[in-house]
Amino acid sequence: MFSNQQNQSNELSFIDVALQAGVFETAQDSSGICIGDIDNDCDRDLLVLGNNDNNRLFENNGDASFTDISASSQLGNDIKTGSTCSMGDVNNDGLLDIVIANSFNFDSSLAIFVKPFAFIQHNQLFFNMGSNSFHDISAEAGLHSLAALPAQAQGSATISWSIALIDYDMDGYIDIIHSDDNAAIPFANTAELIVVLYISYKMVV
């Protein structure tokens with residue numbers, strides 16, 4: 001984490017403040033981040049994704065320091081390999097929800113070269129339940145149902161590298177879009193890059 005020092009020095013410069021801020025996670029093989037005000041206290045909190053590791057959620061204390069609330073938030077329970085994440089209010093309740101793009105365990109090449117769909121991890125959608133607690137509703141929200149996969153891979157995931165929460169059709173409800181590939185293994189005579197769009201229909205808890 002780098003702090004902009006322009007107000008102090010009148011020059012554009014940055015210093016690393018991760019250690020004193022409480023986000024110096026050298027034990028984690030970090031693979032992606034997103035930020036947002038998950039508790040509506042007017043400061044932005046930090047989610048750090050892990051590579052074959054637990055995710056870490058840090059609550060902003062409002063004084064340039066953070067507290068690790070991964071366990072209590074239910075966002076640090078799974079060991080997966082995240083690539084990117086995005087925050088947005090999926091169910092219009094005034095609280096930021098979180099969607100995470102996952103890929104596969106980089107320690108093994110089986111997911112690409114031997115069993116293309118067997119080891120890929122599904123993306124995840126977490127509802128913000130308030131009090132900095134989240135609930136995984138990925139399956140019921142439809143994130144496990146990808147179209148255009150070959151018959152033998154129905155119900156499987158693809159390798160996601162980027163994801164966003166946006167109101168694609170301007171209807172007042174947040175949609176999900178992510179871009180994927182299946183590495184070196186093309187399928188169903190399609191291009192290796194796949195863009196998946198989920199259009200929300202008044203999703204509620």
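A disulfide is taken here as a pair of cysteine sulfur atoms within 2.5 Å. In this predicted model, the rule yields a count of one disulfide. The bond joins Cys 34 to Cys 85, with an S to S distance of 2.2 Å. The torsion about the S-S bond is -115°, and the link between Cys 34 and Cys 85 is accordingly described as left-handed. Cys 34 belongs to strand β3 (residues 30–36) and Cys 85 to strand β9 (residues 82–88), so the disulfide ties together parts that are 51 residues apart in sequence.

The surroundings of these cysteines can be read from their accessibility. Because buried means under 20% relative accessible area and exposed means over 50%, Cys 34 counts as buried at 9%. Cys 85, at 9% relative accessibility, is likewise buried. Cys 42, by contrast, counts as exposed, with a relative accessibility of 77%.

The wider architecture of the chain comes next. The chain contains five helices and 15 strands. Of its 205 residues, 45% are buried. Among contacts between residues at least 6 apart in sequence, 46% join residues at least 24 apart. The chain exposes about 10500 Å², of which carbon and sulfur atoms supply 54%.

The interior can be followed through its nonpolar cores. The largest nonpolar core has 13 residues, and those touching the most other members are Leu 47, Leu 57, Leu 75, Ile 98, Ile 100 and Phe 134. Strands β4 (45–50), β9 and β10 (97–102) each give two or more residues to this core. Strand β9 is also the element that holds Cys 85 of the disulfide. Ile 98 illustrates the packing: beyond its neighbours within four places in sequence, Ile 98 is in contact with Leu 47, Leu 75, Ser 86, Met 87, Gln 124, Leu 125, Phe 126 and Phe 134. A second, separate core comprises eleven residues, including Val 90, Val 99, Ala 101 and Ile 176.

The remaining feature is open space. Rolling a probe the size of a water molecule over the atoms shows where empty space is left. The largest pocket holds about 450 Å³ of space. It is lined by 20 residues, and Met 1, Phe 2, Val 23, Leu 46 and Phe 66 are the closest to its centre. The elements that give two or more residues to this lining are β1 (2–4), α2 (18–21), β3, β4 and β6 (56–60). Strand β4 thus contributes to the largest nonpolar core and to the lining of the largest pocket, while strand β3 carries Cys 34 and also contributes to that lining.

Technical notes:
Residues numbered from 1 in each chain as written. Predicted model: local features only at pLDDT ≥ 70, side-chain atom pairs only at ≥ 80, totals over all residues. Heavy atoms only, no water. Helix = DSSP H or I, 4+ residues; strand = E, 2+ residues; numbered from the N terminus. Buried < 20%, exposed > 50% of the residue type's maximum accessible area, 1.4 Å probe, protein only. Contact = heavy atoms within 4.5 Å. Areas by Shrake-Rupley, 256 points an atom, 1.4 Å probe, with all protein chains shown as cover. Core = buried A, V, L, I, M, F, W, Y, C linked by side-chain atoms within 4.5 Å. 1 Å grid on protein atoms, 1.4 Å probe; cavity = no way out; pocket = protein on both sides within 12 Å on 5 of 7 lines; lining within 4 Å. Points joined across faces, edges and corners; volume = space filled by probe spheres on them.
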